[in-house]
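Please look through the model below before reading on. The paragraphs that follow take up its strands, a buried threonine, its enclosed and open spaces, and its cysteines.

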Amino acid sequence: MNQIIGLLDCHNSPELGGLTSSRPLASTSFLGRYAFSDFALSMFSNAGVDAIGILIKDHQRSMLKHMGNLSSWTNNTKIGREVIFYNERGILNPAYNTDIANVKENDWVLYDSNAKTVVVAAPHIVSNIDLRPLIEEHIARGEDLTIVYKPIEDADEEFIGSYAFDIGEDGYITSTYKNAGRKKKANVSLEVWIMKRDLLFDLIKAHERVDMSFGFRETMEYLFHNSLVKVHAVPWTGYARRFDSFKHYIDYSFEMLNREVADSLFDPERPIFTLTHDTPPALYGAKASVSDSFVSNGCIVEGKVHHSIVCRDVKIGKDAVVEDSIVFSNVAIGDRATVRNCVIDKYSIITARHSIEGAAKTPIYLKQGAIL
């Protein structure tokens, strides 16, 4: 799809406790082999959007490591490209380290392109939206701004803190509010915005004029409430989850062990791409037992794994037990060790015969590089 720029906006991602203390949510592991950023980047790629900007707020080292050579999500390797947007001035002034300020600091990418349309997506909303027809409709209608939303019936528990909309019969937003969990039904934002390039420049100007601490969401709301922009809303009824807490990270990860749920996210017609690793397939010992689990390539399993997610290059020793847990890459679990209801961050070591057990409602998080 020509003349379109995709922006992966990592500025508004929620914190997930210790998981995001040294990395952004965008590069945090999901399902053993993916990072959260992979889903939005793949949506761009599957829609033919090959010019992509990645707006990094902080922890750039982790994000750069995952992005590799910046080509895993680009179909057109001749003219397509991925560019890191990083606002060094914003690091010195955190209150003003917004996504709009980041775009302004790197606006050379916009001036270097003939793109007429900009698509923005967020990594903490995991979905697999078919963007192509939505972009085509946006352009055909001549809309300034199109927002993708999901009608949900559990808004008292899900998407808390997200923007939600009242929508008229003509498909345009009539009012906006933040979901405080006071009612069950709501049209919640999936933080996918399709806009004219000119509107993006209007957002930057309004941001400078109104409040320098505003980001995209606040500035758009300002323009909307002052009748300066008309917002068209389009629904997405497929899988969509907002990863906004450590509990949701665990719950939504484990729901992927349900084949029907996983199939609703992983559509073979819109594959999810990620950075590849040249590691061998998982190796299972003669007495290994694995059930209801994801086990990634490069693992060596000689013990029991049940209802768990195991990332790349994990070693699970003889007679060891891993249950109801998420184990990040390069973790070693010794012989006869026991891990239950835990999230074990990368490079950790659970020594032989050691036991670490949380509860279903209060799982244990073991920080990166820990040794027990």
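**Strands and their partners**

Strand β12 (residues 231-235) is largely enclosed by the rest of the structure, because four of its five residues are buried. The model is a predicted one, and what is said here was computed from its atoms. One partner of β12 is strand β8 (residues 145-152): the two pair in the parallel sense over five bridges. Within that pairing, I147 stands opposite A233 in β12. In general, the strands of a sheet pair through backbone hydrogen bonds, which may run parallel or antiparallel.

Elsewhere in the chain there is an open sheet of five strands. Its order is β16-β19-β22-β25-β28, and the pairing is parallel. The edges are formed by β16 (294-295) and β28 (364-366), each of which pairs on one side only. Inside this order, strand β22 (residues 326-327) and strand β25 (residues 342-344) pair in the parallel sense through two bridges. Here I326 stands opposite V343 in β25.

**T176 and its surroundings**

Strand β10 (residues 173-178) contains T176. Is T176 buried or exposed? Its relative accessible area is 17%, and the limit for buried is under 20%, so T176 counts as buried. Two polar contacts involve its side chain: one with the side chain of E221, at 3.1 Å, and one with the side chain of H225, also listed at 3.1 Å. When neighbours within four places in sequence are left aside, the residues in contact with T176 are A164, F165, E221, F224 and H225.

**Cavities**

Some of these residues return in the description of the enclosed space. The structure has two cavities of 30 Å³ or more, and the largest has a volume of about 160 Å³. It is lined by 14 residues, of which I147, F165, R217, M220 and E221 are the closest to its centre. I147 is the residue that stands opposite A233 in the pairing with β12, while F165 and E221 are among the contacts of T176.

Which elements each supply at least two residues of this lining? They are β8, β9 (163-167), β10, β11 (186-196) and α8 (216-225). Helix α8 gives the most, with four residues.

**The largest pocket**

The largest pocket holds about 550 Å³ of space. Of the 25 residues in its lining, those closest to the centre are S27, K65, H277, S329 and K346. The elements that give two or more residues to this lining are β3 (34-35) and α2 (60-67). Here α2 gives the most, with four residues.

**Cysteines without a bond**

How many disulfides does the structure hold? The count is zero. For C299, the nearest cysteine sulfur is that of C311, 7.8 Å away, and C299 is in no disulfide. The cut-off for a disulfide is a pair of cysteine sulfur atoms within 2.5 Å. C299 counts as buried because its relative accessibility is 1%.

Why does C342 have no bond to C311? The sulfur of C311 is the closest cysteine sulfur to that of C342, but the two are 14 Å apart, which is too far for a bond. C342 is also buried, with a relative accessible area of 2%. In sequence, C342 falls in strand β25 (residues 342-344), the strand that pairs with β22 in the parallel sense.

Conventions: Residues numbered from 1 in each chain as written. Predicted model: local features only at pLDDT ≥ 70, side-chain atom pairs only at ≥ 80, totals over all residues. Heavy atoms only, no water. Buried < 20%, exposed > 50% of the residue type's maximum accessible area, 1.4 Å probe, protein only. Polar contact = N/O pair within 3.5 Å; in protein donor to acceptor, adjacent residues only side chain to side chain. Contact = heavy atoms within 4.5 Å. Pairing = 2+ DSSP bridges. 1 Å grid on protein atoms, 1.4 Å probe; cavity = no way out; pocket = protein on both sides within 12 Å on 5 of 7 lines; lining within 4 Å. Points joined across faces, edges and corners; volume = space filled by probe spheres on them.
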